[in-house]
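Let's walk through this model together, one question at a time. Have the coordinates open in your viewer as you read.

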Amino acid sequence: MASRLENAAYTVGWLCTDHINLATARAMLDEEHSRPQTLGHLDDNNYVLGKIGLHNVVIACAPAGVRGTVSASVAATQMVSSFPKIRFGVLVGTGGGIPSDDHDIRLGDVAVSIPHRTFSGVVQFDLGKATPSGFVRTGSLNKPPRALLNAISQVRANREMGENQVPQYLEQLREHFDAMADAYTYQGHAHDRLFPPDYPHSNQKSAACTKCKGVKRRSARKDTSPVIHYGTIASSNKIIEDGLQRDQLAEEFGAICVETEAAGLMDNFPCVVIRGVCNYADAHRKGADGWHRYASATAAAFAKELLQTVHAHDVVDAPLAADIMSG
């Protein structure tokens with residue numbers, strides 16, 4: 001029989017945005033708990049409760065079809081109202097990768113938000129004001145909490161010593177859940193196609209890129225395990241399907257990924273953003289749909305490794321998310 005804990009026993013929040021990300025998050029739990037008996041007023045999130053390592057974790061997913069920066073903020077607010085002892089969280093899902101000379105990003109890799117250059121880890125690139133000299137971006141977002149930044153440093157140090165838990169967690173997902181055995185696995189180098197940024201999609205009647213030519217030549221990696229990239233994640237309410245605009249985000253911010261939820265969280269909910277790369281944010285974005293489930297799984301596997309690394313005392317010492325959000 002699954003354990004049933006009081007809402008106050010949960011200290012870490014895991015936010016996701018659709019049913020696929022909810023499924024991969026649930027698959028990463030070391031143990032699953034019974035659903036909560038009580039929720040906060042007007043809380044309409046979907047919840048899965050459980051444990052990862054030493055931490056009791058609340059996995060929250062907004063209602064189906066609700067996306068964007070505002071929905072992520074609302075989901076976090078509702079979660080904290082129902083689980084008042086949450087200290088911080090992770091926002092886990094998929095996004096568009098931004099390959100560059102500095103980051104050889106491939107489909108299935110993972111992008112993690114950390115402070116980089118003068119940015120906190122996430123930049124809202126559509127927030128600003130129009131001036132006679134052009135669009136000027138305004139404001140700044142908070143960086144991830146110290147406990148998660150400490151854990152990221154430890155994970156990166158472990159990688160330097162050859163320690164990597166992500167492949168193990170991906171294999172466990174496929175072994176324990178037969179329905180995930182095929183779609184949630186690496187889709188192959190031949191299906192990872194990066195086009196020149198200005199090359200248009202050639203088949204307007206279909207999302208498939210069967211008529212698209214000019215794929216960039218990139219050598220297959222010797223190891224197909226996902227590579228973890230750290231840096232700035234670009235966020236807004238609009239989906240990017242333009243390789244030139246994507247590359248501009250890399251040039252201006254050093255961005256490694258683009259997505260549509262994080263900017264609504266960073267100033268209110270203490271968290272780190274983890275995105276599995278499921279497309280290249282260009283005109284061929286929909287042609288890469290076959291990578292969505294695998295990219296969701298790689299992001300979830302890294303999130304598990306990160307939470308396994310967070311020290312219990314760092315959780316106890318961290319301020320309550322509710323206090324930060326009300327302050």
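The questions below take up the strands, the cores, the helix packing and two single residues of this predicted model.

Q: Which strand pairs with β3 over seven bridges?
A: Strand β3 covers residues 46-52, and β2, at residues 31-33, pairs with β3 in the antiparallel sense over three bridges. The other set, of seven bridges, is also antiparallel and leads to residues 55-61. That strand is β4.

Q: Which residue of β3 stands opposite Glu 32?
A: Glu 32 falls in the range 31-33 of β2, which is antiparallel to β3. Its opposite number in β3 is Gly 50.

Q: What is the bridge partner of Tyr 47 in β4?
A: Tyr 47 lies in the range 46-52 of β3, a strand with five of its seven residues buried. β3 and β4 run antiparallel. Across that pairing, the partner of Tyr 47 is Ala 60.

Q: Which residue in the turn between β3 and β4 has a positive phi?
A: The two strands form a hairpin, with two residues between them. In that turn a phi of about 60° belongs to Gly 53.

Q: Is Asn 56 buried or exposed?
A: Asn 56 sits in strand β4 and is in contact with residues distant in sequence, including Leu 5, Tyr 10, His 33 and Lys 51. Its C-alpha atom is 8.8 Å from that of Gly 13, although 43 residues separate the two along the chain. The relative accessible area is 15%, and the cut-off is under 20%, so Asn 56 is buried.

Q: Which helix gives the most residues to the largest nonpolar core?
A: This core has 84 residues, and those touching the most other members are Trp 14, Phe 269, Ile 274, Phe 302 and Leu 306. The top contributor spans residues 292-309 and supplies nine residues: it is helix α6.

Q: How many residues are in the other core, the one with Ala 234 and Ile 240?
A: This second core lies apart from the largest one. Ala 250 and Ala 255 are also among its members. The count is eleven.

Q: How are α1 and α6 oriented to each other?
A: Their axes are 9 Å apart, with an angle of about 40°, and α1 passes α6 in a right-handed crossing. Residues making the contact include Ile 20 and Thr 24 of α1, with Ser 296 and Ala 300 of α6. An angle of that kind is neither under 35 degrees nor within 65 to 115, so the two helices are oblique.

Q: At roughly what angle do the axes of α4 and α6 cross?
A: Helix α4 covers residues 166-176, and its axis comes within 9 Å of that of α6. Among the contacting residues are Tyr 169 and Leu 173 of α4, and Phe 302 and Glu 305 of α6. The crossing is right-handed. The pair is therefore oblique, with the axes crossing at roughly 120°.

Q: What is the relative accessible area of Ser 82?
A: Ser 82 is in helix α2, residues 69-82. Leaving aside neighbours within four places in sequence, its contacts are Asn 7, Leu 39, Gly 40, Asp 43 and Tyr 47. Its C-alpha atom is 46 Å from that of Ser 133, 51 residues away along the chain. Ser 82 counts as buried, and its relative accessible area is 5%.

Key. Residues numbered from 1 in each chain as written. Predicted model: local features only at pLDDT ≥ 70, side-chain atom pairs only at ≥ 80, totals over all residues. Heavy atoms only, no water. Buried < 20%, exposed > 50% of the residue type's maximum accessible area, 1.4 Å probe, protein only. Helix = DSSP H or I, 4+ residues; strand = E, 2+ residues; numbered from the N terminus. Pairing = 2+ DSSP bridges. Contact = heavy atoms within 4.5 Å. Core = buried A, V, L, I, M, F, W, Y, C linked by side-chain atoms within 4.5 Å. Axes fitted to C-alpha atoms, helices over the stretch in contact; angles between N-to-C directions. Parallel < 35°, antiparallel > 145°, perpendicular 65-115°, else oblique. Left-handed = near helix turned anticlockwise from the far one by under 90°.
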